Protein chains: 4
Amino acid sequence: MDDLKLSSLKNTNFKRTVVSVGEQSIGTGFTIIAGPCTVENENQTLTIARAVKKAGAHILRGGAFKPRTSPYSFQGLGQEGLEILSRARQETGLPIVTEIMDTRHIAMVSEYADMFQIGSRNMQNFTLLKEVGKTDKPVLLKRGMNSTLEEWINCAEYILSEGNPHVVLCERGIRTFESYTRNTLDLSIIPAVKEITHLPVIVDPSHATGRASLVERMCLAAVAAGSDGIMIEVHPDPKKALCDRDQLLTLSEFDGLAQKIQKMYRAMNDILAPSV
Amino acid sequence: MDDLKLSSLKNTNFKRTVVSVGEQSIGTGFTIIAGPCTVENENQTLTIARAVKKAGAHILRGGAFKPRTSPYSFQGLGQEGLEILSRARQETGLPIVTEIMDTRHIAMVSEYADMFQIGSRNMQNFTLLKEVGKTDKPVLLKRGMNSTLEEWINCAEYILSEGNPHVVLCERGIRTFESYTRNTLDLSIIPAVKEITHLPVIVDPSHATGRASLVERMCLAAVAAGSDGIMIEVHPDPKKALCDRDQLLTLSEFDGLAQKIQKMYRAMNDILAPSV
Amino acid sequence: MDDLKLSSLKNTNFKRTVVSVGEQSIGTGFTIIAGPCTVENENQTLTIARAVKKAGAHILRGGAFKPRTSPYSFQGLGQEGLEILSRARQETGLPIVTEIMDTRHIAMVSEYADMFQIGSRNMQNFTLLKEVGKTDKPVLLKRGMNSTLEEWINCAEYILSEGNPHVVLCERGIRTFESYTRNTLDLSIIPAVKEITHLPVIVDPSHATGRASLVERMCLAAVAAGSDGIMIEVHPDPKKALCDRDQLLTLSEFDGLAQKIQKMYRAMNDILAPSV
Amino acid sequence: MDDLKLSSLKNTNFKRTVVSVGEQSIGTGFTIIAGPCTVENENQTLTIARAVKKAGAHILRGGAFKPRTSPYSFQGLGQEGLEILSRARQETGLPIVTEIMDTRHIAMVSEYADMFQIGSRNMQNFTLLKEVGKTDKPVLLKRGMNSTLEEWINCAEYILSEGNPHVVLCERGIRTFESYTRNTLDLSIIPAVKEITHLPVIVDPSHATGRASLVERMCLAAVAAGSDGIMIEVHPDPKKALCDRDQLLTLSEFDGLAQKIQKMYRAMNDILAPSV
């Protein structure tokens, strides 16, 4: 940690940051973010938005610009996708988080979204970090697939050092040799983040596991690990989704899960309450 | 999975295995295993055994033969260590699990211990696997630091195929690039194990994280992830311990943790109970 | 490789691409690129440029914009650094390769440099890839620290698919658990790249090993592995360098190494020549 | 490296160890070891032995006891395999190296083989290391798939500390996220080993790459990296081999390769010779 000066982060008496996203807050209570991997069309997105709102989600996620391994894969609907997300917010009141990949899109995405997402592949895109750091919009900073805790925190610092304190971290699995899961969800990093920063941190079990059958257990474990929230991918008909089919929950699965998460969060508060 | 014939394991209608260890069982309810990393002397081990028994632990762990990176590090007390563990069982009634590294020790260790532990470094010591497979003593099979799920399950199969069905798996962290933690605890492997085998599986957060400050959260997350138990290292005075100092809980920390784990297990039963 | 359509790459009868950089070519003969990690001042850069030119280097490397883990580390001289590089080219005739991190710098960097470098952290910065793909300037595309061969080739395809065919790949070590070296140099990827693409590929042993003492052997091994070139960091006084001190060769070490590399390349031609 | 006391290894003025294997030596000149992955029958093994002897190999490899992921895969011919290897030595004069997995086989394997091989999975089987350390037979110690340099050297020390100084190290690829190759061959570890120990070190490109098409280049690169030898798997008819089919060279491919390796070794001596 030679050149590490986490002036704004390293402080054992720190006051925890709470980040406002529209009328919601991350860092107090437990925040549920849900939505499609990618905005496919208005009907799909509104259907999902209504369902997750009803199930108790606080924020709607959805990709308009998609970082894809191949240039020939579907790259997202772009501005049209942002407009659809915006209509979903109008109807449901859910604030919107969506990925930004290009500094030239900052003004446009700002008009539609309530929170920028910096994806795993762009975690060390320092140019992008600095530019979102010059705005006052909240930023969801995903951990790079091969990023150490130290590197991740330093990327948060790139945003903070430009003047934007509204950063939420998101663990989304790291790349390992294990192939049963898409990546390896590193839940031990949640209490580790809490030890060394004042920033909120959430968990994305959908991308981490890549398997819908593992998402429920990892959501409950995330609550137990002390996460401030989770972000889950859902779809009315996973088999027909344009991407990430294996990891998507159906709307009804999400409804059941959201209830369990809420019970779990209350149970954790009881378990950790100081006994009288 | 070319040459994989998990005849005894791959079966979607499987009945879950429950493994008896002395008068305890793993695979029904939630099992807490605790004890020193290494048996240092009688006083240390008895002090720990009494404390963990009182706090609610079900099984006592303790190393008599220690696999150490360097040949010049302390290698454990050997048979003397086994005798101390045996006295701890006599006094507390806790069954004993201890590591075995040498096929020539099987008879000796069998006399003292209730369960063999196969350590991470020996997960693919096929000779050792086959020999414990010829006994009828329960075996705790730790996942290798760089072992895939498939390789791990095949190692269990080496034991089962020799006639010993009493195998419990133990996730203890995998080796990754992250250095804040000693290894990366892979909690997503717990529901994955449940999907493809009938064997019980527990979690060792002490070795996985290498940091006492992270153990509590990882125990609670392990319960939420569906683990059948946890194994924790404790010590009356961690700073004076002969090995693994940074990851040891004090006896009083363990006492508090054991209560939280029990509350957590009850809460999970409520959360997952089918609503009427 | 579900969504992989490497139309321009997958073709077993392919003609190998040769990329012109100024008056030099990569993909025919063996290309030696050398220079400072970062442009520190005019004197340092000109001293180095003269020395590596004399020793037989073909292209000068040097960073003006530096991607640093921490926002508080030295970030490079920016445009001033580009001007210094430009003067070094004027004096020595060596073409310049320098890293670009920001799409807004493309016009500026184009004025000064002969080849763009896309660094490891930006390998999947798809916005940047597309923008350099719209120019006709050669691009040196470093492999991401945790990038598979498939992902890397797809990133090249992002550039090619925008119309710029002048891409050279650069292996620079991948992130593993080994800590003796900074990263693990993956020389087996060199013949693998040759099997599946027509693009030239070079090796950066300085960043891969992070140790000056290992650079010579890895350069010679790179020649033997079939690399089209190497890129080496040098400095007149490594202990006083502003970054990467442990991996820098002195000018005199580089001089000796350049001669060995040339002998090695000739020897390889003899060894692989079909016997009559 | 807290508890590391490499008393016999850490010494900058060390004299390099040369290990005699039958009438061959490893650590002086360049040693070529070749043979089948597994001894399948007498005809196969004798055919291979004659061919590799004629092509210039110095030592014959061949597995009689095979460590297999699954207990239901072919486990090797056992003692019958050792007898076949012994007849191959009688006929060709080539010394034999073969894997040992069980301490109870030491006496038996000693009768037939000239060198023990400790496989990757058993690198930290400390019981086995100590027992071969009590013999005076040379030991080929393969690096564990997830072993750091420090751990590997410590395993050599387990053998040395019991009194057997005849240890040769063997790099065979480490486990990474890259899937194009079976493992990632770490050639930078060769000069690293030379920096910190006096032991000879060789390279196994067959297991490392898992692809016959990459073996030639990796052999030549191993020579350039300073390896003391290579170990290659060959087979008269790779498609019919009982294991490791994708990585086997044919006898004719091996013949061509052995000649190139010898030319390469001579070229390296010229390149590194101090100029007069």
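**Close-up of Arg89(D), a partly exposed arginine, with its salt-bridge partner Asp114(D).** In this predicted model, Arg89(D) has a relative accessibility of 21%, so it lands in the partly exposed class, which runs from 20% to 50%. Asp114(D) comes out at 16%, so this one goes down as buried. The two side chains meet in a salt bridge, with 2.7 Å from N to O. Look at where the partners sit: Asp114(D) is in the loop between α3 (106-112) and β6 (115-118) of chain D, while Arg89(D) belongs to helix α2 (residues 79-92), so the link spans 25 residues of sequence. Elsewhere, salt bridges with shared partners knit Asp102(A), Arg104(A), Glu131(C) and Lys134(C) into one network.

**Close-up of Arg89(B) and Asp114(B), a salt-bridged pair in chain B.** Here the side chains come together at 2.6 Å, N to O. Arg89(B) is part of helix α2 of chain B and Asp114(B) is in the loop between α3 (106-112) and β6 (115-118), so the pair ties together pieces of chain that are 25 residues apart in sequence. How accessible is Arg89(B)? Its relative accessibility is 21%, so call it partly exposed. Asp114(B) has a relative accessible area of 16%, and that makes it buried. Opposite charges on side chains can pair up like this when the charged atoms come close.

**Close-up of Arg61(D) and Glu233(D), a buried salt bridge between two strands.** The distance from N to O is 3.6 Å in this one. Arg61(D) comes from strand β4 (residues 59-61) and Glu233(D) from strand β10 (residues 229-233), both in chain D, with 172 residues separating them in sequence. Both Arg61(D) and Glu233(D) are buried. If you're counting, the whole structure holds 64 salt bridges over all chains.

**Close-up of Glu178(D), a loop residue with neighbours in chain C.** Glu178(D) sits in the loop between β8 (167-171) and α6 (189-196) of chain D. Is Glu178(D) buried or exposed? At 4% relative accessibility it counts as buried. Its side chain makes a 2.7 Å polar contact with the side chain of Arg143(C), and it also reaches the backbone nitrogen of Tyr180(D) at 2.9 Å. Leaving out residues up to four places away in sequence, Glu178(D) touches Arg143(C), Ser147(C), Thr148(C), Leu149(C), Asp186(C) and Ile189(C), plus Thr184(D) from its own chain.

**Close-up of the interface between chain B and chain A.** There are 43 residues of chain B in contact with 43 of chain A. Putting the chains together buries about 3,400 Å², and carbon and sulfur atoms give 70% of that. Which three residues do the most for chain B? Phe177(B), Arg217(B) and Ile271(B) supply 20% of the area chain B buries against chain A, more than any other three residues.

**Close-up of polar and charged links between chain B and chain A.** The rule picks out 2 salt bridges across this interface. One of them to find is the pairing of the Glu178(A) and Arg143(B) side chains, at 2.7 Å from N to O. The count of residue pairs in polar contact is 10. On the side of chain B that touches chain A, the elements giving two or more residues are α6 (189-196), α8 (212-225) and α9. Helix α8(B) gives the largest share, 10 residues. Sort that side by residue class and you get 23 nonpolar, 10 polar and 10 charged.

**Close-up of helix α1(B), from its cap to the glycine after it.** At the N-terminal end, Asn41(B) acts as a cap, with a side-chain oxygen 3.1 Å from the backbone nitrogen of Asn43(B). The helix covers residues 42-55; at 1.5 Å a residue, its 14 residues should span 20 Å, and the end C-alpha atoms are indeed 20 Å apart, so the two figures agree. Which residues of α1(B) are buried? They are Gln44(B), Thr45(B), Leu46(B), Ile48(B), Ala49(B), Val52(B) and Ala55(B). An α-helix has 3.6 residues a turn, so residues three or four places apart point the same way. The buried residues of α1(B) pack against β3 (31-35), β4 (59-61), α2 (79-92) and α9 (251-272) of chain B. Just past the helix, Gly56(B) takes a positive phi of about 110 degrees.

Key
Residues are numbered from 1 along each chain as its sequence is written. Chains are lettered from A and ligands numbered from 1 in the order in which they are written. This is a predicted model: local features need pLDDT of at least 70, side-chain atom pairs count only at pLDDT 80 or more; totals for chains, interfaces and linings use all residues. Side-chain values use heavy atoms; hydrogens and water are left out. Helices (H or I, at least four residues) and strands (E, at least two) are DSSP runs, numbered from the N terminus. The expected span of a helix is 1.5 Å times one less than its number of residues. Buried means under 20% relative accessible area, exposed over 50%, partly exposed in between (1.4 Å probe, protein chains only). Contact means heavy atoms within 4.5 Å. A polar contact is a pair of N or O atoms within 3.5 Å; within protein, one must be able to donate a hydrogen and the other to accept it, and residues adjacent in sequence count only if both atoms are side-chain atoms. Buried area is the accessible area (1.4 Å probe) that two parts lose on being put together, summed over both. A salt bridge is a side-chain nitrogen of Lys or Arg within 4 Å of a carboxyl oxygen of Asp or Glu. Ala, Val, Leu, Ile, Met, Phe, Trp, Tyr, Cys and Pro count as nonpolar, Asp, Glu, Lys and Arg as charged, and the others, Gly among them, as polar.
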